[in-house]
Structure formats: structure tokens, C-alpha cells
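Let's walk through this structure together, starting from the ligand and working outward. Keep the 3D view open as you read, so that you can find each part when it comes up.

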Amino acid sequence: MLTRLPPVRGRYTENAPLGETSWFRCGGRAEVLYKPADAEDLSNFLKGCPEDIPVTVLGVCSNVIIRDGGIKGVTIKLGGSFAEIEVDTKEGIVSAGAAALDINVATAAQRAGLAGLEFLSGIPGSVGGAVRMNAGAYGRETVDVLIEATTLDRMGQFKIYKPSEMDMSYRYNGIPENFIFTGAKFRGVADDSAAIEARMNEIKEKRAATQPVRARTGGSTFANPTPDELRAHSLPEGMKAWQMIDKVGGRGLAIGGAQMSELHCNFMLNNGNATSAELEALGEEIRRRVMEQFGYSLRWEIKRIGEFVAVGNA
Ligand SMILES: Cc1cc2nc3c(=O)[nH]c(=O)nc-3n(C[C@H](O)[C@H](O)[C@H](O)COP(=O)(O)OP(=O)(O)OC[C@H]3O[C@@H](n4cnc5c(N)ncnc54)[C@H](O)[C@@H]3O)c2cc1C
């Protein structure tokens with residue numbers, strides 16, 4: 001396929017390991033991995049990449065199952081030139097490249113005495129992943145602090161979007177799937193650095209006590225039902241996905257090396273040698289049980305990407 005791809009200043013790698021670089025540490029390879037040199041290089045790649053070649057962008061893979069058959073076409077991973085963070089303390093604006101880690105964005109804001117981005121410190125993803133997933137925690141979501149995001153479309157054209165133009169809601173961003181976020185601006189509010197740091201430490205402690213933060217996991221497996229969905233299914237107000245999973249015997253349930261966490265039963269774990277097919281099969285078993293008992297179809301929050309290989313054939 002390399003011969004069909006445009007020349008770039010960045011790097012192409014054929015048959016590159018991918019699954020093992022994900023938080024789950026399982027799954028296949030990228031047919032071609034492309035690390036762009038910078039945003040201009042990426043734009044030129046998109047302009048020159050034939051339309052029939054699938055293009056997938058990944059962050060740091062903290063919310064994905066890479067399927068065992070790997071990803072066809074070109075998988076893009078943004079590197080160092082997309083990881084810069086700049087803080088305008090006077091205006092209360094934090095500008096970050098899409099590859100910047102959420103924790104680094106939160107820390108830069110904290111050091112500059114800007115509050116409001118503390119919730120990002122507990123989310124182990126990148127800015128691109130946060131904007132795509134509208135990541136959130138402890139009552140705040142990315143959309144609450146986002147000023148604008150810069151995107152590249154499949155034709156390599158840059159465009160800046162405001163949150164109101166992206167139809168963002170709970171773990172959802174309406175921007176077409178094949179758009180790539182290259183950076184974003186966030187708003188902070190002046191506050192005492194030490195007070196912000198204390199709140200970040202609180203988040204860290206709370207997470208360590210309630211989530212398997214050091215495990216091979218992908219965070220919450222299923223999205224919580226929305227209030228409208230709960231009403232439509234006559235389910236109790238405020239019911240969470242984990243409560244349904246718990247009630248159907250999902251806590252600790254295992255298929256092969258895949259297991260629902262005992263500590264936080266909406267977190268799925270690779271206990272050592274799970275295949276991605278086993279992770280998916282476990283998730284589908286949970287969905288089946290929840291459907292049977294509650295008549296509700298749990299929505300995967302984790303993105304499953306790539307070519308499916310059935311359990312036993314991976
Ligand atoms: C221990 C743990 C705790 C977690 N806690 C939380 C939490 O509290 N709240 C929460 O919301 N999430 C949580 N997550 C999930 C995850 O960290 C977030 O969804 C995060 O925003 C994903 O970012 P990422 O860079 O890892 O994206 P990836 O997992 O690499 O990708 C996720 C999706 O975003 C897309 N994407 C990534 N980068 C870009 C880009 N530049 N342009 C366009 N699309 C892109 C990918 O194609 C994919 O569809 C947790 C995960 C773990 C492992």
C-alpha cells in the first residue's frame with residue numbers, strides 16, 4: 001500500500017504494533033502507521049491519500065479496543081509536534097495540541113493559576129481523545145471548558161469549530177468520524193495555584209480508591225443511560241451502567257483473560273493474556289444480560305476499532 005501513499009515528512013511504518021501500545025495491551029497491528037511531522041504534513045497527507053484507503057486516528061488508546069485483526073489502511077498517531085501547551089494567563093486561555101496529555105494540560109493550567117481544568121488531570125487520554133469523546137469526570141465535561149477545536153477534514157482542509165457547532169453531549173461529539181482534531185483551546189478561571197493543586201490531589205486519591213487505575217483497562221466500558229432513556233424504560237432515576245452490571249452478576253465476570261473489575265464493575269480488564277475478541281465477547285454478554293433483565297441496550301463507551309477475529313481464532 002505504501003506505493004499508493006503520498007510522500008510525507010513524517011514516518012510511515014508497515015505492520016506496526018498497535019494493540020500492545022493500547023491501555024488494554026492486546027489487539028492487532030496497523031497495516032500502515034503514520035506519524036506526521038506536523039499539522040501541515042498531515043494536511044498534505046490527507047490531500048494526497050487516495051479516498052478508498054481508510055484513515056483512522058488514535059490518541060493514546062485509553063478508550064479503545066484494537067481488534068485482533070488489526071486496523072486496515074493508515075492509522076495516524078500524532079506525536080511531539082502536536083503536544084505543545086501554551087498558557088495565556090491574562091486571558092485565561094490554555095492552548096494545546098491534540099497529542100498533549102490531559103494531565104499535562106491540567107498541570108499547566110494549575111501552575112498558571114487557572115482553575116476549571118482539574119477534572120482533566122484524572123483522565124488518562126490526550127486532548128484529541130478528550131474532544132472527540134467529550135471526556136468528563138466529577139460533574140464536568142470537556143465541552144464545559146472548550147473554547148474551540150481545530151480540525152482537519154479528510155480532504156486536508158483546516159477548520160476551527162466552537163463547541164456550539166459540534167453538537168457535543170455526554171461522551172459524544174457530532175463532528176464527522178473522519179475529522180482529525182489537531183488542537184484545542186480551553187478556558188480557565190483565575191484561582192490560587194495551591195488550591196487547584198489540592199483539588200487535583202483529591203481527584204487522584206478518589207480515583208485510586210475507586211478505580212483500577214493501574215490495570216490494563218479502557219475506563220468505563222458502557223455509557224450511563226441518559227435521563228430520557230431511563231424514563232423510557234421505566235428505570236429508576238439516576239441509575240448508572242455499573243448498577244445494572246452489578247445486578248446481572250457482571251461484577252468479576254470473566255471470559256478467558258477478560259474480566260469485569262471487582263473494584264468498579266463498569267471497568268473491563270485484561271487480566272494478562274486476553275484477546276480483544278474475549279474483551280468484546282465479555283462486553284456483549286453483559287449487554288445481553290442487561291437487556292434480558294432491564295430491557296435496556298447498554299451502549300459501548302469504549303470504541304472498538306479494526307478487524308474482528310472471533311474468540312478462539314485470534
Ligand atoms: C483508567 C482509566 C480511567 C478513565 N477515566 C475516564 C473518565 O473519568 N472520564 C472519561 O471521559 N474517560 C475516561 N477514560 C477513557 C479515556 O481516557 C477517555 O475517553 C480519553 O478522552 C480518550 O483519549 P485517548 O487519547 O486515549 O483517545 P483514544 O482512546 O486513542 O481514542 C478514543 C476515540 O477518540 C478518537 N480520537 C483520538 N484522538 C483523536 C484526534 N486527534 N482527532 C479525532 N479523533 C481522535 C479515536 O479515533 C477514538 O474514536 C478512562 C480510561 C482509563 C484507562
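The ligand is surrounded by 32 residues, and the closest of them are G59, G125, G128, G129 and G219. Please keep in mind that this is a predicted model.

Which elements supply this shell? At least two residues each come from β3 (55–58), α3 (127–133), β9 (136–137), β13 and β15 (217–220). The top contributor is α3, which gives five residues to the shell around the ligand. By residue class, the shell contains 17 nonpolar, 13 polar and two charged residues.

Two of these elements, β3 and β13, also lead us to the sheets, so let's take the sheet with β13 now. Five strands make up this open sheet, with antiparallel pairing and the order β6-β7-β13-β11-β12. Its edges are β6 (85–88) and β12 (158–161), each of which pairs on one side only. From one strand to the next, the twist averages 15 degrees.

Start at the β6 edge and move across. Four bridges hold β6 and β7 together in the antiparallel sense, and within this pair E86 has S95 of β7 as its bridge partner. The two strands form a hairpin with four residues between them, where G92 adopts a positive phi near 70 degrees. One step further in, β7 and β13 are also antiparallel, this time over five bridges. Here V94 is found opposite F186 of β13. Is β7 mostly covered or mostly open? Four of its five residues are buried, so-called mostly covered.

Something also lies over this part of the sheet. Helix α2 (residues 102–111) crosses β6, β7 (93–97) and β13 (180–187), and runs at about 30 degrees to β6.

Now go to the other end of the sheet. Strand β11 (residues 146–152) runs antiparallel to β12, and four bridges join the two. In this pair, L152 sits opposite F158 of β12. Another hairpin is found here: β11 and β12 have five residues between them, and G156 takes a positive phi near 85 degrees. If you like to check backbone angles, compare this glycine with G92 in the hairpin of β6 and β7, which also has a positive phi.

The second sheet brings us back to β3. Four strands, in the order β1-β2-β5-β3, form an open sheet with mixed pairing. The strands at its edges, pairing on one side only, are β1 (11–17) and β3. The twist in this sheet averages 30 degrees from one strand to the next. Inside the sheet, β2 and strand β5 (residues 71–77) run parallel and are joined by four bridges. To find this pair in the viewer, look for Y34, whose bridge partner in β5 is I76.

Finally, turn to helix α1 (residues 39–48), in which L42, F45 and L46 are buried. Why do these residues line one face of the helix? Viewed down the axis of α1, the buried residues fall within an arc of 95 degrees, so they share one face. What covers them includes β2 (29–35) and β11. With that, α1 takes us to both sheets: β2 belongs to the four-stranded one, while β11 belongs to the five-stranded one.

Key. Residues numbered from 1 in each chain as written. Predicted model: local features only at pLDDT ≥ 70, side-chain atom pairs only at ≥ 80, totals over all residues. Pairing = 2+ DSSP bridges. Axes fitted to C-alpha atoms, helices over the stretch in contact; angles between N-to-C directions. Contact = placed C-beta atoms within 7 Å. Buried ≥ 20, exposed ≤ 12 C-beta atoms within 10 Å, placed from the backbone. Arc of directions from axis to C-beta. Near = placed C-beta within 6 Å. Nonpolar A, V, L, I, M, F, W, Y, C, P; charged D, E, K, R; others polar.
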